[in-house]
Each structure stands twice: as structure tokens, then as C-alpha cells.
Amino acid sequence: MPSSRTNSTSSRRLLALALGAGLVSAALGTAVPASAQPATAPAGSAPAAHARYVGGAEGAAGDKAFFDAVLKSVAKRQAANPTLASVTVYYNASQAPSFRSQISSAASIWNSSVSNVKLQSTTGGADFTYYEGNDSRGSYASTNGHGSGYIFLDYAQNRQYDSIRVTAHETGHVLGLPDHYSGPCSELMSGGGPGPSCTNRYPNATERSRVNQLWANGLAKALAKVNKAA
């Protein structure tokens with residue numbers, strides 16, 4: 001049976017190791033929320049169909065796949081409730097607790113910028129979901145391959161770039177906007193193109209107009225398809 005002295009020595013060693021690990025982490029500036037665990041895209045996702053904040057060859061396909069999935073989800077709800085006066089896209093942020101503030105700010109930015117569609121938080125069934133974690137691809141918008149959309153927010157990238165800009169940019173994909181990395185900082189969908197010094201969080205006039213147009217004409221077409229299928 002181990003002696004109390006041996007147990008005490010082991011405890012001190014474990015404590016020293018834990019403190020040392022904490023000091024190294026602090027020195028490197030790599031702290032993440034206590035609740036955060038290393039993560040990748042949600043299970044069943046389609047890696048080739050996502051649009052990244054800093055770019056990727058597959059971006060255009062991801063943009064369209066994500067928007068189509070969200071549009072279809074909203075159209076089904078509108079068709080089932082024809083008396084709905086406004087178009088609302090519901091999001092669930094419960095899987096990204098560290099980014100609740102940024103997500104709320106991004107939704108407010110878009111809600112104050114466009115008139116034909118609104119973003120609203122829900123804890124139930126949603127048109128898309130936010131996730132958080134560590135991913136070498138950074139933050140991105142994607143689909144799960146089964147008609148649902150999601151936004152993944154990467155810890156490291158959100159420390160390097162303005163976090164609300166990253167979130168608002170990815171949310172722009174929900175509303176139908178593609179990436180345009182060669183654009184200026186004043187263009188929200190230029191994403192990480194202008195570099196980490198860019199902190200603009202708002203869509204420009206062209207982007208706002210495009211979203212309003214998409215949610216007037218695009219939703220009408222989606223509704224027609226849903227009603228025809230029914």
C-alpha cells in the first residue's frame with residue numbers, strides 16, 4: 001500500500017505540471033474559453049462545399065450551396081404559414097457560446113442594413129446553426145450535405161481578425177452573398193482579403209441592395225418550387 005509521503009509527492013508533481021502548462025499557455029497567448037474543446041466541422045459535413053473567411057477554390061460552390069439550403073428551409077416555413085407578414089431566418093447560437101456577443105452584433109448589423117429579411121435567434125429548430133472550435137481551415141460557412149446550413153467560427157482566426165467582422169461576413173453567406181477577397185475593406189464580403197487591420201463590420205450599399213433583391217426574388221422562386229412539390 002503506498003505511503004502518505006509517496007501520495008503527497010505525487011500530488012505536488014501533478015500540481016507543478018498543471019501550473020507549468022498554464023504558464024506556458026499564458027506566455028504564448030493561446031488562451032481560449034474554458035468551455036472550448038478542440039473541434040472540427042460538425043459530423044456529416046461536406047468539406048468541399050464551404051466558403052472560408054480567407055479564401056478557397058471551393059468558395060463559390062459553398063456560397064451557393066449554403067444560401068440554397070437556408071432559402072429552402074425558409075421557403076418551407078413560409079409555405080406552411082402563408083399568413084406570415086415578414087421573412088425571418090432563424091439561427092441557433094447555442095453551439096458557439098464563446099461568440100454569443102459577436103453573433104448578436106452581426107445579426108443586429110444585418111437587421112439594420114436590409115429590409116426584406118431579418119435574422120432572429122432561437123433555441124429550437126433553426127435554419128442554420130453556429131459552431132465554434134479549432135479548425136485549420138479557419139472560419140467558414142457550409143452545408144451538412146442534407147439541406148441544413150451552419151457557420152463555423154475558429155478560435156485562432158477570431159483572435160487574428162476582427163471577430164465581429166468575421167462573424168458578420170460569414171453571416172452574409174446565409175443571406176446569399178459570395179466572397180470577393182479582392183475587394184476593399186469597405187466591402188464586408190472581401191473577408192480576410194484586406195488583412196487583419198481591416199475592422200469594417202458593415203455591408204456596403206451594393207451588398208445591402210443585393211441581399212434585398214435576393215430575398216425578394218429568390219424567395220419567391222423557392223416558394224414556387226415548394227408549392228409545386230407539394
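Helices here are DSSP runs of H or I with at least four residues, and strands are runs of E with at least two, both numbered from the N terminus. With that convention, Phe-66 is found in helix α2. The model is a predicted one, and the paragraphs below begin with its overall make-up before returning to Phe-66 and its surroundings.

The chain holds 6 helices and 6 strands. Followed along the sequence, these elements come in the pattern α-β-α-β-α-β-β-β-β-α-α-α. Of the 230 residues in the chain, 43% are buried. The exposed surface amounts to about 11600 Å², with carbon and sulfur atoms supplying 56% of it. Contacts across the sequence are well represented: among those between residues at least 6 apart, 65% join residues at least 24 apart.

The largest nonpolar core has 40 residues, and the members that touch the most others are Val-89, Trp-110, Phe-128, Tyr-130 and Trp-215. Two or more residues of this core come from each of α2 (59-80), β2 (88-95), α3 (100-113), β4 (128-133), β6 (149-154), α5 (163-174) and α6 (205-229). Tyr-130 offers a handy view of the surroundings of one such member. Beyond its neighbours within four places in sequence, Tyr-130 is in contact with Tyr-91, Asn-92, Ala-93, Gln-95, Ala-96, Ile-103, Ile-151, Leu-153, Thr-167 and Thr-171.

Aromatic rings deserve a closer look. The count of aromatic pairs comes to 8. One of them joins Phe-67 and Trp-215 in an edge-to-face arrangement, with 5.7 Å from centre to centre and 85° between the planes. This pair links distant parts of the chain, since Phe-67 belongs to helix α2 and Trp-215 to helix α6, 148 residues apart. Phe-67 has a relative accessible area of 9% and Trp-215 one of 2%; both fall under the 20% cut-off, so both count as buried. A further pair brings together Tyr-91 and Phe-128, whose ring centres are 6.1 Å apart; the planes meet at 40°, so this pair is tilted. Because Tyr-91 lies in strand β2 and Phe-128 in strand β4, the pair ties together parts that are 37 residues apart in sequence. Tyr-91 is buried at 8% relative accessibility, and Phe-128 is buried at 1%. Elsewhere, ring pairs link Tyr-131, Tyr-140, Tyr-150 and Phe-152 into a cluster.

Helix α6, which supplies Trp-215 to the pair described above, can be checked for its length. Its 25 residues, at 1.5 Å each, should span 36 Å, and the end C-alpha atoms are indeed 36 Å apart, so expectation and model agree. The helix also bends by about 25° at Leu-214. Leu-214 is itself among the buried residues of α6, which also include Glu-207, Val-211, Asn-212, Trp-215, Gly-218, Leu-219, Ala-222 and Val-226.

Helix α5 gives a similar result for length. Its 12 residues should span 16 Å, and its end C-alpha atoms are 17 Å apart, which agrees. As for burial, 12 of the 12 residues of α5 are buried, so the helix is largely enclosed by the rest of the structure. The buried set covers polar and charged names as well as nonpolar ones, including Arg-165, His-169, Glu-170 and His-173 alongside Ile-164, Val-166 and Val-174. Just after α5, Gly-176 takes a positive phi of about 105°.

Attention now returns to Phe-66. At 0% relative accessibility, Phe-66 counts as buried. Leaving aside neighbours within four places in sequence, Phe-66 is in contact with Phe-128, Ala-141, Ser-142, Thr-143, Gly-149, Tyr-150, Ile-151, Glu-170, His-173 and Val-174. Phe-66 and Leu-175 are 109 residues apart along the chain, with 9.1 Å separating their C-alpha atoms. Ala-141, one of the contacts of Phe-66, lies in strand β5 (residues 140-143). Ala-141 is buried too, at 1% relative accessibility. Its C-alpha atom is separated by 7.9 Å from that of Val-174, although Ala-141 and Val-174 are 33 residues apart along the chain. Val-174 is also in contact with Phe-66 and is one of the buried residues of α5.

Key:
Residues are numbered from 1 along each chain as its sequence is written. This is a predicted model: local features need pLDDT of at least 70, side-chain atom pairs count only at pLDDT 80 or more; totals for chains, interfaces and linings use all residues. Side-chain values use heavy atoms; hydrogens and water are left out. A nonpolar core is a set of buried Ala, Val, Leu, Ile, Met, Phe, Trp, Tyr and Cys residues joined through side-chain atoms within 4.5 Å. Buried means under 20% relative accessible area, exposed over 50%, partly exposed in between (1.4 Å probe, protein chains only). Contact means heavy atoms within 4.5 Å. Accessible areas come from the Shrake-Rupley method with a 1.4 Å probe; for residues, only the protein chains shown count as cover. Rings of Phe, Tyr and Trp (its six-membered ring) pair if their centres lie within 6.5 Å; planes under 30 degrees apart count as stacked, over 60 as edge-to-face and the rest as tilted. The expected span of a helix is 1.5 Å times one less than its number of residues. The bend at a residue is the angle between axes fitted to the seven residues ending there and the seven starting there.
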